[in-house]
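I opened this notebook to record what I looked up in one model, entry by entry. The entries go from cysteines to salt bridges, then to surface patches and a few single positions.

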Amino acid sequence: MFRFETAGESHGQCLVATLTGLPAGVPVSVAAINRELWRRQQGFGRGGRMKIETDEVGIVSGVRHSRTIGAPIALLIRNKDWQNWTDALPVEDSDGAELKAKPVTRPRPGHADLAGAIKFNFHDARYILERSSARETTARVAAGAIAKAFLGEFGIQVLSHVVAVGAVRLGRSASWEELIALSHRPEVLLSCVDAQVEQEMKAVVEGIYRTGDTVGGVFEVVARGAPPGLGSHATWDSRLDGRLAQAVVSIQAVKGVEIGAAAENAASFGSTVQDTIHYDPGERRFTRGSNRAGGIEGGISNGEDIVVRGLLKPISTLRRPLESVDLVTHEPSLAAYERSDVCVVPAAAVVGEAMVALVLAQSMMEKFGGDSLTETRRNYDGYLQQVKDF
Ligand SMILES: Cc1cc2nc3c(=O)[nH]c(=O)nc-3n(C[C@H](O)[C@H](O)[C@H](O)COP(=O)(O)O)c2cc1C
């Protein structure tokens with residue numbers, strides 16, 4: 001069974017991801033994983049943390065001679081900032097350790113601080129924010145890079161771009177070539193394919209930075225090359241759209257998910273929304289007049305691009321803090337501030353790619369199985385032939 005898990009805290013020793021259920025023989029490149037980690041750290045509007053960390057993955061199991069061996073894969077990314085937190089967050093307790101702690105008693109509205117502190121019964125939200133922090137997404141992106149390598153063996157690619165920052169929107173769709181070019185950029189600003197709109201987005205981030213505020217936005221992930229037939233209409237929890245929605249909304253600060261043109265579709269009529277069906281006898285395949293469904297019908301991929309959007313709220317650590325209440329004294333107080341990002345939409349887009357890749361890899365393994373890549377490919381090729389002969 002394909003599954004992945006992450007562990008690690010924002011200022012702990014390292015982040016860890018384990019990935020189980022991929023066949024043996026998938027090529028894995030450390031440089032390719034590090035490139036994804038680099039992409040996650042970029043974007044205009046990130047806080048000082050990203051200047052401290054240059055993430056690098058260590059693969060400690062499951063990969064030998066640059067290929068998976070069918071064993072669980074364990075990935076490790078060290079936190080360079082840990083050296084500044086060894087006294088505040090020691091693994092073992094000692095006399096006087098509490099004097100070196102860095103308690104957070106003024107919960108930030110919108111963050112996990114208060115709900116988590118109540119739930120885990122801490123009158124200090126430090127441990128809550130350590131784990132709820134999106135630093136955790138570093139581990140997701142590392143695991144996602146391996147899922148991408150697996151998908152790449154079947155010609156499936158997952159890319160993304162930023163559609164909106166605050167009220168500034170890209171008012172058109174992006175071409176696949178634009179998304180490829182974006183993924184190769186040596187510098188990342190706001191990951192918008194339109195240079196003019198990207199400058200407008202930058203101006204929004206500059207504006208909110210000056211005022212001590214934060215801003216959210218929307219990213220879009222596109223997966224090209226997925227075969228028809230991933231996911232299933234048969235049970236609620238095997239629907240591909242449901243799984244993608246869960247995966248994308250699980251990203252910190254993502255509060256909404258859109259599959260295809262869902263919001264626009266909801267305001268339109270059926271005759272203009274559904275993607276008409278055609279057949280290309282030369283290619284021996286069904287084609288569509290449009291892709292407003294985002295490549296999924298009945299919870300099953302239909303062979304078109306899979307398009308998923310994530311809607312991010314503005315992040316909740318504000319330099320101009322909001323009203324809160326002290327967890328210990330119950331007195332009104334302003335929320336805590338700790339070095340923070342002001343806009344994370346481009347980084348979230350990279351995390352979105354990873355989550356979509358992980359769900360697609362899971363669906364591929366569910367449908368085609370196999371303990372070696374050769375076996376998975378044989379099953380896959382047989383199915384593609386069946387689809388061609390349909
Ligand atoms: C890439 C990324 C970076 C983030 N950086 C910060 C940050 O620096 N400060 C902050 O308050 N929230 C940040 N967030 C959002 C919080 O992690 C998130 O709001 C918090 O965990 C509460 O979860 P929720 O917003 O999903 O309810 C970030 C999110 C992402 C995706």
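What follows are my entries on this predicted model.

**Cysteines**

I began with the cysteines and found that the structure holds zero disulfides. Cys 192 is accordingly in no disulfide, and I noted that the nearest cysteine sulfur, that of Cys 343, is 12 Å away, whereas a disulfide would need the two sulfur atoms within 2.5 Å. I then looked up how covered the side chains are: Cys 192 has a relative accessibility of 0% and so counts as buried. Cys 14 has 18% relative accessibility and also counts as buried, because the cut-off for that word is under 20%.

**Salt bridges**

A search of the whole structure gave me 23 salt bridges, and I followed several of them individually.

Which side chain does Arg 185 meet in a salt bridge? Its partner is Glu 198, with 3.2 Å from N to O. Arg 185 lies in the loop between helix 6 (176–184) and helix 7 (195–211), while Glu 198 belongs to helix 7, so the pair ties together parts that are 13 residues apart in sequence. I recorded Arg 185 as partly exposed, at 25% relative accessibility, but Glu 198 as buried, with a relative accessible area of 6%.

My next pair was Arg 320 and Asp 213, whose side chains meet in a salt bridge at 3.4 Å, N to O. This pair links distant parts of the chain, 107 residues apart: Arg 320 sits in the loop between strand 15 (306–312) and strand 16 (323–325), and Asp 213 in the loop between helix 7 and strand 9 (217–224). Both ends are partly exposed, Arg 320 with a relative accessible area of 49% and Asp 213 at 28% relative accessibility.

I also looked up Arg 288, which forms a salt bridge with Glu 297, the closest N and O atoms being 2.8 Å apart. Glu 297 counts as partly exposed, at 31% relative accessibility. Elsewhere I found that Glu 36, Arg 39, Lys 148 and Glu 353 are joined into one network by salt bridges that share partners.

**Surface patches**

Turning to the surface, I asked which residues gather in a patch of negative charge. They are Glu 92, Asp 93, Asp 95 and Glu 98. I checked Asp 93 further and placed it in the loop between strand 6 (73–78) and helix 3 (113–120); at 69% relative accessibility it counts as exposed.

A nonpolar surface patch of about 500 Å² is made by Ile 277, Tyr 279, Phe 286 and Phe 390. From this group I followed Phe 286, which I found in strand 12 (residues 285–288) and which is partly exposed, with a relative accessible area of 45%.

**Single positions**

I ended with two loop residues. Asp 124 lies in the loop between helix 3 and helix 4 (126–132), and at 22% relative accessibility I entered it as partly exposed. The C-alpha atoms of Asp 124 and Lys 102, residues 22 apart along the chain, are separated by 9.0 Å.

Is Ile 251 buried or exposed? At 3% relative accessibility it counts as buried, and its place is in the loop between helix 8 (240–249) and strand 10 (254–259). I also noted the distance from Ile 251 to Ala 71, which is 27 Å from C-alpha to C-alpha, with their positions 180 residues apart in sequence.

Note on methods: Residues are numbered from 1 along each chain as its sequence is written. This is a predicted model: local features need pLDDT of at least 70, side-chain atom pairs count only at pLDDT 80 or more; totals for chains, interfaces and linings use all residues. Side-chain values use heavy atoms; hydrogens and water are left out. Buried means under 20% relative accessible area, exposed over 50%, partly exposed in between (1.4 Å probe, protein chains only). Patches are made of residues with over 30% relative accessible area and no salt bridge: like charges are joined within 9 Å, nonpolar side chains (Val, Leu, Ile, Met, Phe, Trp, Tyr) within 5 Å. Accessible areas come from the Shrake-Rupley method with a 1.4 Å probe; for residues, only the protein chains shown count as cover. A salt bridge is a side-chain nitrogen of Lys or Arg within 4 Å of a carboxyl oxygen of Asp or Glu. Lys and Arg count as positive and Asp and Glu as negative; His and the chain ends are not counted. The place of a charge is taken as NZ of Lys, CZ of Arg, CG of Asp or CD of Glu. Helices (H or I, at least four residues) and strands (E, at least two) are DSSP runs, numbered from the N terminus.
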